[in-house]
Amino acid sequence: MTATATTDWQSWQASWDRQQEWYMPDREERFRVMLDTVEAVAGPTPRVLDLACGTGSISDRLLRRLPGAASTCVDIDPALLTIARGHFAGDGRVTFVEADLTAPAWTERLPHPSYDAVVTATALHWLDTEPLRRLYGDLAGLVREGGVFLNADHMGDDRAPRIDAALQALHTRRKEQQRRQGALDWADWWDAVARDPSLADAAARRFALLGDPRQPAPEAGRRDRPTLTRWHVETLLEQGFGEARQVWCSASDALVAALR
């Protein structure tokens, strides 16, 4: 069954946010710093590429904060894009592109040759080192001179392991308590998507294309993925950005900004 006009897409978008916040309770803070940087560098009416946009969480916050902005939302996941399209239905500021970021010519599918800002969150950690390196090179060609790329993701700093361990233990205890109170995890959320008649077809296509997220990922698919913030900073500079640095971090995650 296909999506219907009566589907509450805003509720689906909100449920995605809640599920992600169970893993990342400081998620809104990283978005705030991300959008501070976009506004500081690109002004109040930026043209933004929302990379691996998911359900559109970043674009939702971008357009509420900067109503004059425009966003191109790119993802490969049919289910998440279905929710995003429903959430932004009728909003002419948002354009959608279905594309594989590891494909050689993915940028040719975009409606614009350059962007004031490219933003992404909790997505590129799925890419191995060399595909991610190539993607950073692609982005150096998409961000206009003086524009900015921002990546908030699972990036660490190995210089303070005891501090990280203590914070992670606290986070784990809080997650366990929230789980007992009914918080949905990744697998639970996707199970709800698969059971919804409006999303079942898109979910089935997603599972066939990217695997069933309700099942444990095979270990072989997790090899060779960079985990340190400094790798991202150094690689962005190598791939053509003029400057790059961390602008926010938690014990397990960081936000890196790179300027063209």
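**View 1. Arg206 and the residues around it.** Leaving aside neighbours within four places in sequence, Arg206 is in contact with Asp77, Pro78, Ala79, Trp186, Trp190, Gly211 and Pro213 (contact means heavy atoms within 4.5 Å). This is a predicted model, in which local features need pLDDT of at least 70, side-chain atom pairs count only at pLDDT 80 or more, and totals for chains, interfaces and linings use all residues. Residues are numbered from 1 along each chain as its sequence is written, and side-chain values use heavy atoms, with hydrogens and water left out. Arg206 sits in helix 8 (residues 200–210); helices (H or I, at least four residues) and strands (E, at least two) are DSSP runs numbered from the N terminus. With 10% relative accessibility, Arg206 counts as buried (under 20% relative accessible area, with exposed over 50% and partly exposed in between; 1.4 Å probe, protein chains only). Asp77 lies 129 residues from Arg206 in sequence, yet their C-alpha atoms are 5.8 Å apart.

**View 2. The open sheet and its edges.** Here you can follow seven strands in the order 3-2-1-4-5-7-6, with mixed pairing; two strands pair if DSSP finds at least two bridges between them. Strand 3 (94–98) and strand 6 (243–249) stand at the edges with a single partner strand each, so one side of each has no neighbour in the sheet. From one strand to the next, the twist averages 20° (axes are lines fitted to C-alpha atoms, for helices over the stretch in contact, and angles run from 0 to 180 degrees between N-to-C directions).

**View 3. The hairpin of strands 6 and 7.** Four residues make the hairpin connection from strand 6 to strand 7. The two strands, the latter spanning residues 254–259, pair in the antiparallel sense over six bridges. Look for Cys249 opposite Ala254, and for Trp248 with its bridge partner Leu255.

**View 4. Helices on the sheet.** Helix 4 (residues 78–87) lies across strand 2 (70–75) and strand 3, running at about 165° to strand 3. Helix 5 (residues 129–142) also packs on the sheet, where it touches strand 1 (47–51), strand 4 (115–121) and strand 5 (143–153). The direction of helix 5 makes about 140° with that of strand 5.

**View 5. The cavity and its lining.** A search of the whole structure finds one cavity of 30 Å³ or more (on a 1 Å grid over the protein atoms alone, a set of points where a 1.4 Å probe fits but cannot get out; lining residues have an atom within 4 Å of a point). Its lining is formed by Leu124, His125, Leu132, Asp153, His154, Pro226 and His232.

Notes. On a 1 Å grid over the protein atoms alone, a cavity is a set of points where a 1.4 Å probe fits but cannot get out, and a pocket is an open set with protein on both sides within 12 Å along at least five of seven lines; lining residues have an atom within 4 Å of a point. Grid points are joined across faces, edges and corners, and a volume is the space filled by probe spheres set on the points.
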